[in-house]
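Let's take a friendly walk through a protein model, from its surface to its cysteines. Keep the structure open beside you as you read.

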Amino acid sequence: MDHSNTNGVADNTFQLGNFSIDEHRPMKVVVVGAGYSGIIAGIRFLQKVKNVDLTIYEAAAGVGGTWFHNKYPGLTCDIPSHCYQLTFAVNPHWSSFYSSGPEILTYLESVVDKYKLMPYIKLQHRMMRGRYSEADGKWRLTIRRPVIGGSGEVQYEEVEDTCDVLFTGTGTLHRWSWPDIPGLNDFRGQIIHSAAWETGEGGPNAKWQDSVASWGTKSVGVIGVGSSAIQLVPALQPRVKNVVNFVRGQTWIAANFVREHIVKMTGDDDKADNYVYTEEQKAKFAEDPEYYRQYRKEIESDLNSAHAATLRGNPLQIGGKAAFTETMKKRLAKKPWIANHIIPDFGVACRRLTPGPGYLEALCEDNVDFVPTGIERVTPTGIQTTDGKLHELDVLICATGFDITGHLPFDLIGRNGVTLESKYTPHPRTYMSVAVDGFPNWFQGLGPNSGVGAGSLLLLAERQVDYVVAATLKLQRERLKSIEARPEAVADFDEYIDSYFPTTVFGEKCRSWYKAGKEEGRVVALWPGSCTHAARALANPRWEDFTYERLPKSKNRFHWLGDGNTVADRIPEADKAWYLDASEIDIPPGTLTVGQITTMLSDAFLVPLDR
């Protein structure tokens, strides 16, 4: 179309958009990962964003994230079952107060089924690269997927995809790593990482007990004293010849979180570590939603109350240290010397506070050796410690954790060719843990500084997704090409993080995955505040902390107003009084009718008003 005026001069007069103000612009969204964050994102994008084209890429052969990958003996969530579920997808039928890994995976699979997400999920599709295209404001993605070759063998091909908004929900506990120990590859026995449990027994869907069925005569070494090792040792102890636990650090072994609820339900059984719900209790939860909601609120409130204990100088922190010391010594009474090596000097929760039902008791068993001496090397037949002793082993399990530096398992390249790797060196610098300057239209869930030291992690995960959905709706509604965090906003959030953690126990000297496995330095894993603090912070986005680009044809900031119509204005039979629908009317609380006021006053004075 010729936009020149009669004098041949270019006419730059603003042109109205050929769309209605509430006509939803098509949005293509890609989610990477089908664990908790990816599942929440899939549900909310489909619910909130109209005219959305959604794809969820998952590298594994099933949904569930860490709960799909982890299958090691004793795998249990140390957060109460009724707190480790989505606020909008409750399960009144949890079997016990603390649930096993397989039961949590079943729950996640049921959520995917309930919200019909599987048609949007592509399993065994691994994200390899993502590059932002400045020309059109889209992400160019490279995905690796399996294909069956001509002779029936599995091969791999790379395919390309694009999207307007990219959300990565890969979390932090997804990149496990072998320990850096000399001779590790020389071991002639079986070597297993706890995060990639495979013994060659029992088959892929077998219970963990079947995977160690032949271990009754074997000596098993377990390296580590984190959450996995603390669950592995008591699970294996009665099923193997002997267990040798190699421990280089110290850790607090707590009573189970909010354990007082277990004690109450078991009739004051102070030794109970878990509780199996009766069929009557589960039926009550299912049939009385308000009763169940109050039950959940009580547990979750107590769980969130533990945040105070993470603050330096707080009475709960000081009292907890003394109480845990006494409890641990009592549980180690048969081998009291272990207490000198495992009870820390640092504050409670400096490294992740781990409830370890049965762990300290297992260490006291005759067939368990606790080895605090450093490892010098792995030999073909076992582990040699720095004191020269050789510990003969048949199986070696490395429960040595994950790469929790925040780096993604694929290349991500933003504006001007900047890599996310460079933005995360020497430590991740983010905006509110969900965005990074230089990476328009990209957001992440449960990335750096997204964990919680106490309370509900899933609350934070849900609120992060809500934030990203709100940003996507802004892009769609205002027909924007890009949204990008301002560098100065990232710097300010970074400064806030550096100022917050010295006020907490997390800033003390202790080796912790909160600090990327270091004793000292930046806390990279935790949100700078309580989980409820995060929920409040993410509730109302500060859009002024972002910069925006408009689409090529929308140089005027009010291009999004369209042609002056709503969709209903253009369709004769459409509802043109939609604002009177119940869902559109915001009725203030406390509004009383004349009749209600009369009744209230009558009740107050206990006499009829017409006398």
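W578, Y579, L580, I585 and I587 make a nonpolar surface patch of about 550 Å². Patches are built from residues with over 30% relative accessible area and no salt bridge, where nonpolar side chains (Val, Leu, Ile, Met, Phe, Trp, Tyr) are joined within 5 Å and like charges within 9 Å. The areas come from the Shrake-Rupley method with a 1.4 Å probe, and for residues only the protein chains shown count as cover. One member of the patch, Y579, sits in the loop between α16 (567–570) and α17 (594–605). Helices (H or I, at least four residues) and strands (E, at least two) are DSSP runs, numbered from the N terminus. Y579 is partly exposed, with a relative accessible area of 47%. Here, buried means under 20% relative accessible area, exposed means over 50%, and partly exposed lies in between (1.4 Å probe, protein chains only).

A word on the model itself: it is predicted, so local features need pLDDT of at least 70 and side-chain atom pairs count only at pLDDT 80 or more, while totals for chains, interfaces and linings use all residues. Residues are numbered from 1 along each chain as its sequence is written, and side-chain values use heavy atoms, leaving out hydrogens and water.

**Charged pairs**

How many salt bridges does the structure hold? There are 26 salt bridges, each being a side-chain nitrogen of Lys or Arg within 4 Å of a carboxyl oxygen of Asp or Glu. Among them are these three pairs:

| Pair | Closest N and O atoms |
|---|---|
| D136 and R140 | 2.7 Å |
| E279 and K282 | 3.0 Å |
| R486 and E488 | 3.8 Å |

In the first row, D136 is partly exposed at 30% relative accessible area, and R140 is partly exposed at 34%. The second row joins two residues of helix α7 (residues 279–287), where E279 and K282 lie 3 residues apart, about one turn of the helix. E279 counts as exposed at 56% relative accessibility, whereas K282 counts as buried at 13%. In the third row, R486 is partly exposed at 29%, and E488 is partly exposed at 44%. Salt bridges can also link up: E134, R415, E484 and E549 belong to a network of them.

**The disulfide and its surroundings**

A disulfide is a covalent bond between the sulfur atoms of two cysteines. The structure holds 1 disulfide, counted as a pair of cysteine sulfur atoms within 2.5 Å. Which cysteines form the disulfide? C350 and C510 do, with their sulfur atoms 2.0 Å apart. C350 lies in the loop between α10 (339–342) and β12 (354–355), and C510 in the loop between α14 and α15, so the pair ties together parts that are 160 residues apart in sequence. The torsion about their S-S bond is about -100°, so the disulfide is left-handed. C350 is buried at 0% relative accessible area, and C510 is buried at 2%.

E519 is found in the loop between α14 (487–500) and α15 (531–539). Not counting residues up to four places away in sequence, E519 touches E508, K509, C510 and R511, where contact means heavy atoms within 4.5 Å. The C-alpha atoms of E519 and R351 are separated by 9.6 Å, although these residues are 168 residues apart along the chain. E519 is partly exposed, at 35% relative accessible area.

Two other cysteines deserve a look: C163 is buried at 1%, and C398 is buried at 0%.
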